[in-house]
Amino acid sequence: MTSMSVSAVGRTASPSTARAINDGLALHLLKDKGPLTAGQLKSLTGLSRPTIADLVERLRQTGLVAVVGEAGAERRGPNARLYGIVADSAHVAGVDVRTDSVAVCVADLLGRTLVEESLPVAPDVDPAHTVAAAVALVERAAERAGAARLHHIGIGAPGLIDPATGELNSTGALPSWHRELATALHDGLAAPVLLENEVNLAAVAEQRLGAVRDRDTFVLLWLGHGIGAAVVLDRVLRRGASGGTGEIGFLPVPGTSELPSATSCDGGFHSLVSGGAVCELAQQHGLVGAAYGERGAGAEGSGAAEAVIRAALGAGERGEAFLDALAARIALGVAAICAVLDPGCAVLGGEVGRAGGDGLAGRVEDHVARLSPLRTRVRAGAVGGGGVLRGAVLMALDATQNELFGAP
């Protein structure tokens, strides 16, 4: 918001509304630019010096802003005071829910990580016990972070999030405790809970912190045990009518022996690039043995696929041939997305994308250029294995800041 718009609003709005708008503008400036003097706030907002003085005093009384230093040794007195956001005036948590684990991160109002913890989940454990253990994990992390309460909790989970209700749509492929956890966290910690698809949150993290900070429009392909995509158009995350945007595992592609169905992605893009398919392709290229660790050559876990790719990077001609064949498969999905959306950029995320790095991304870009006339950059994800968790924190942080500061 510019100073002109603030002045225009101030002329037509009530005094209380104008104060709220001005306070929100100042808070967002302090968040984005760091500590500022009253003079700098005056210059950036276009507000008068008395208005800024009243604004700063109001914000100090709320506990959201405090004096954090002085502008320099050559400037002393009130005009040199630096005002900044009080980071520990609010706390948020992000939760990354997988089929075999739960991870939590607690951050302050400026998004700085205070505590991270994780909990392995065995497949045969009672779901109620898992939910209770996950709630206790978040409570413990918040206590360690010194958070009296959590303002918002963001959760990233596999599956479809219903746009109308915000709930995780049940599916037989996911553990039942996934659906129950959001309600348990809300009840147990008395905090608003925001639920989002894990791949969508990875895309949020890549745009804000990682490989596509310079892009308003892009797609992220999640390549791991499961396959998915996130679509960001003009900086807006697109979810679709049922929350199913990006379910590219079901995408019919050449090179498979059958077609996917409404109940199974076997025969779709998933059959070419899932963790199991990557391991099978590696075996066809003679990349077996140590790369698979104790899981064996037929392992389907994303960890096995990640190990195979890392091994292929140093395996000479066989490794080169395998990586090129894998890139050709991934390019089929990227080219199909490009034909419909023309995003201009695709990010390879998940365990396979992370392991392949820039080398795999470059190969995929070359193959896409042969399949599509639409110029598309392909980049490796930069946030790493914590992308979903980082995205969950950002989602909770946005909600908290918008509540406390007002919408930007």
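Two strands are taken to pair if DSSP finds at least two bridges between them. With that criterion in hand, the tour of this predicted model can start at a single pair of residues.

**Stop 1: strands β4 and β5**

Select C105 in β4 (101-108) and look across to the neighbouring strand: C105 stands opposite E116 in β5. The two strands, β4 and β5, are antiparallel and share 7 bridges. Follow the chain through the hairpin between β4 and β5, where 4 residues separate the strands, and select G111, whose phi is positive, near 85°.

Now turn to the other side of β4. Strand β3 (91-97) is joined to β4 by 7 bridges, and this pair is antiparallel. Select V92 together with A107, its bridge partner in β4. The hairpin from β3 to β4 passes through 3 residues. Is β4 mostly covered or mostly open? β4 is mostly covered, with 7 of its 8 residues buried.

**Stop 2: the whole of this sheet**

Widen the selection to β5-β4-β3-β6-β7, which is the order of the 5 strands in this open sheet of mixed pairing. At the edges stand β5 (113-120) and β7 (193-197), each of which pairs on one side only. On average, neighbouring strands here are turned by 15° against each other, direction ignored.

For the parallel part, select β6 (residues 152-157) and β7, which are connected by 5 bridges. I155 has L195 of β7 as its bridge partner.

Next, display the helices that pack on this sheet. Helix α5 (residues 127-144) touches β3, β4 and β5, and its direction makes about 160° with that of β5. Helix α7 (residues 198-209) touches β6 and β7, with about 95° between the directions of α7 and β7.

Before leaving this region, select A190 in the loop between α6 (176-189) and β7. Its phi is positive, at about 50°, although A190 is not a glycine. Most residues other than glycine have a negative phi. A190 counts as exposed because its relative accessible area is 64%, against a cut-off of over 50%.

**Stop 3: the second largest pocket**

Helix α7 leads on to the second largest pocket, as α2 (15-33), α7 and α13 (387-405) each supply at least two residues of its lining. Which helix gives the most to this lining? The answer is α13, with 7 residues.

The second largest pocket has 16 lining residues; to find the centre, select R208, L394, L397, D398 and Q401, which lie nearest to it. The volume of the second largest pocket is about 390 Å³. Coloured by class, its lining shows 6 nonpolar, 5 polar and 5 charged residues.

**Stop 4: another open sheet**

Select β10-β9-β8-β11-β12, given in their order within an open sheet of 5 strands with mixed pairing. Why does one side of β10 (236-238) and of β12 (377-380) have no neighbour in the sheet? Both strands stand at the edges with a single partner strand each, so one side of each is left without a neighbour. From one strand to the next, the twist averages 25°.

Strand β11 (residues 345-349) pairs with β12 in the parallel sense through 4 bridges. To view one of these partnerships, select L348 and its bridge partner in β12, A380. Then add helix α11 (residues 316-341), which lies across β8 (218-223), β9 (227-233) and β11 and runs at about 155° to β8.

In the loop between β9 and β10, select R235. R235 has a positive phi near 70° and is a residue other than glycine. With a relative accessible area of 45%, R235 is partly exposed.

**Stop 5: S274**

The last selection is S274, in the loop between α8 (270-273) and α9 (275-284). Is S274 buried or exposed? S274 counts as buried because its relative accessibility is 6%, and the cut-off for burial is under 20%. Setting aside neighbours within four places in sequence, show G224, H225 and I227, with which S274 is in contact.

To finish, draw a distance from the C-alpha atom of S274 to that of T45: the two atoms are separated by 51 Å, and the residues are 229 apart along the chain.

How values were computed
Residues are numbered from 1 along each chain as its sequence is written. This is a predicted model: local features need pLDDT of at least 70, side-chain atom pairs count only at pLDDT 80 or more; totals for chains, interfaces and linings use all residues. Side-chain values use heavy atoms; hydrogens and water are left out. Axes are lines fitted to C-alpha atoms, for helices over the stretch in contact, and angles run from 0 to 180 degrees between N-to-C directions. Contact means heavy atoms within 4.5 Å. Buried means under 20% relative accessible area, exposed over 50%, partly exposed in between (1.4 Å probe, protein chains only). On a 1 Å grid over the protein atoms alone, a cavity is a set of points where a 1.4 Å probe fits but cannot get out, and a pocket is an open set with protein on both sides within 12 Å along at least five of seven lines; lining residues have an atom within 4 Å of a point. Grid points are joined across faces, edges and corners, and a volume is the space filled by probe spheres set on the points. Ala, Val, Leu, Ile, Met, Phe, Trp, Tyr, Cys and Pro count as nonpolar, Asp, Glu, Lys and Arg as charged, and the others, Gly among them, as polar.
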